[in-house]
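Me: Please give me a close look at the inside of this structure. Begin with any enclosed space, then work outward through the packing.

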Amino acid sequence: MIFRFTKKAQEKLKTGKLSSVPEGDLFREWYVHVFIVERCRYYLVTHAASLFSVVVRGAGISSEEKLFDYVFQELKEKFSEAGCDNMFERIGVTGSEEIVLSNTANRKIIGSMNDIIQCLQVIRDDTAVSAHEMSAFINRTPFTYINGNSPFKFIKDADNSLK
């Protein structure tokens, strides 16, 4: 499983210089970005193949290990809410698989993540929204990167095709 950190996320988590791992199976890759809304730091963690994402509030997160603890917990909950309990294990979020940290590789995914962040900043400005609600909003939003599907639908379809 590969977690690809943007330069901004690397700086916040003090990961040091990361190597570049060539792109491979997008179902095993996750991208990590950091953003600020109303003076609060959040981490956006996005699945490379589906754009299925979770938002984690950055307060108290000082290392990638701590981030992963929160992210795995959120992902398990989100996949369960989507009715895709088995997908959690299928795409490598078991906690037992080796985690490799790397630089980002796919500019399309980074572009989609920047679009997600812009949307989150707008909805957050309009109403008080929790990180959990931000994740739900993202996963219901259609994206051109995944042919106009929402990440939620993409994951559901992928889960159904694997059964």
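Reply: A note on naming comes first. Helices (H or I, at least four residues) and strands (E, at least two) are taken as DSSP runs and numbered from the N terminus. The model is predicted.

Start with the cavity. Searching the whole structure turns up one cavity of 30 Å³ or more. About 30 Å³ of space lies in the largest cavity. Seven names make up its lining: Ile116, Cys119, Leu120, Phe137, Ile138, Thr141 and Phe143. Two helices, α4 (107-126) and α5 (131-140), each give at least two residues to this lining. The largest share is from α4, with three residues. By class, six lining residues are nonpolar and one is polar. No charged residue lines the largest cavity.

Now take Cys119, one of the lining residues. Cys119 sits in helix α4. Is Cys119 buried or exposed? Neither label fits, because its relative accessibility is 33% and buried means under 20%, exposed over 50%. Cys119 therefore counts as partly exposed. Its C-alpha atom is 26 Å from that of Asp69, and the two residues are 50 places apart along the chain.

Stay in α4 for Ser112, which also lies in that helix. Ser112 has a relative accessible area of 9%, so this residue is buried. Which residues does Ser112 contact, once neighbours within four places in sequence are left aside? The answer is Leu51 and Tyr145.

Leu51 leads into the strands. In the hairpin of β3 and β4, five residues lie between the strands, and Leu51 has a positive phi near 65°. β3 and β4 pair in the antiparallel sense, over five bridges. In that pairing, Val45 stands opposite Val54 in β4.

β3 also pairs with β2. That pairing is antiparallel and runs over eight bridges. Trp30 stands opposite His47 in β3. Ile36 has Arg41 in β3 as its bridge partner. Two residues lie between β2 and β3 in their hairpin. Glu38, in the turn, has a positive phi of about 50°.

β1 pairs with β2 as well. Here the sense is parallel, with four bridges. Phe5 stands opposite Val32 in β2.

How covered are these strands? In β3, seven of the eight residues are buried, so the strand is mostly covered. Eight of the nine residues of β2 are buried, so β2 is largely enclosed by the rest of the structure. One general point helps when viewing any strand. In a regular strand the side chains alternate between the two faces of the sheet.

Val45 deserves its own look. Val45 is found in strand β3. With a relative accessible area of 0%, Val45 is buried. Not counting residues up to four places away in sequence, Val45 touches Phe3, Trp30, Tyr31, Val32, Phe52, Ser53, Val54 and Val71. The C-alpha atoms of Val45 and Ala82 are separated by 17 Å, and the residues are 37 apart along the chain.

Phe3 is one of the partners of Val45. What does Phe3 touch, not counting residues up to four places away in sequence? The list is Trp30, Val32, Val45, Phe68, Phe72, Ile99, Val100, Leu101 and Ser102.

Phe3 also belongs to the largest nonpolar core. That core has 28 residues, and those with the most contacts inside it are Phe3, Phe5, Val32, Leu67, Leu75 and Phe79. Many elements feed this core. β1 (2-5), β2 (29-37), β3 (40-47) and β4 (53-57) each supply at least two of its residues, and so do the helices α1 (7-13), α2 (64-81), α3 (85-90) and α6 (151-162). The largest share, six residues, comes from α2. Apart from the largest core lies another, of 22 residues, including Leu120, Ile123, Ile138 and Ile146.

That closes the loop. Leu120 and Ile138 are among the residues of this other core, and both names appear in the lining of the largest cavity.

Notes
Residues numbered from 1 in each chain as written. Predicted model: local features only at pLDDT ≥ 70, side-chain atom pairs only at ≥ 80, totals over all residues. Heavy atoms only, no water. 1 Å grid on protein atoms, 1.4 Å probe; cavity = no way out; pocket = protein on both sides within 12 Å on 5 of 7 lines; lining within 4 Å. Points joined across faces, edges and corners; volume = space filled by probe spheres on them. Nonpolar A, V, L, I, M, F, W, Y, C, P; charged D, E, K, R; others polar. Core = buried A, V, L, I, M, F, W, Y, C linked by side-chain atoms within 4.5 Å. Buried < 20%, exposed > 50% of the residue type's maximum accessible area, 1.4 Å probe, protein only. Contact = heavy atoms within 4.5 Å. Pairing = 2+ DSSP bridges.
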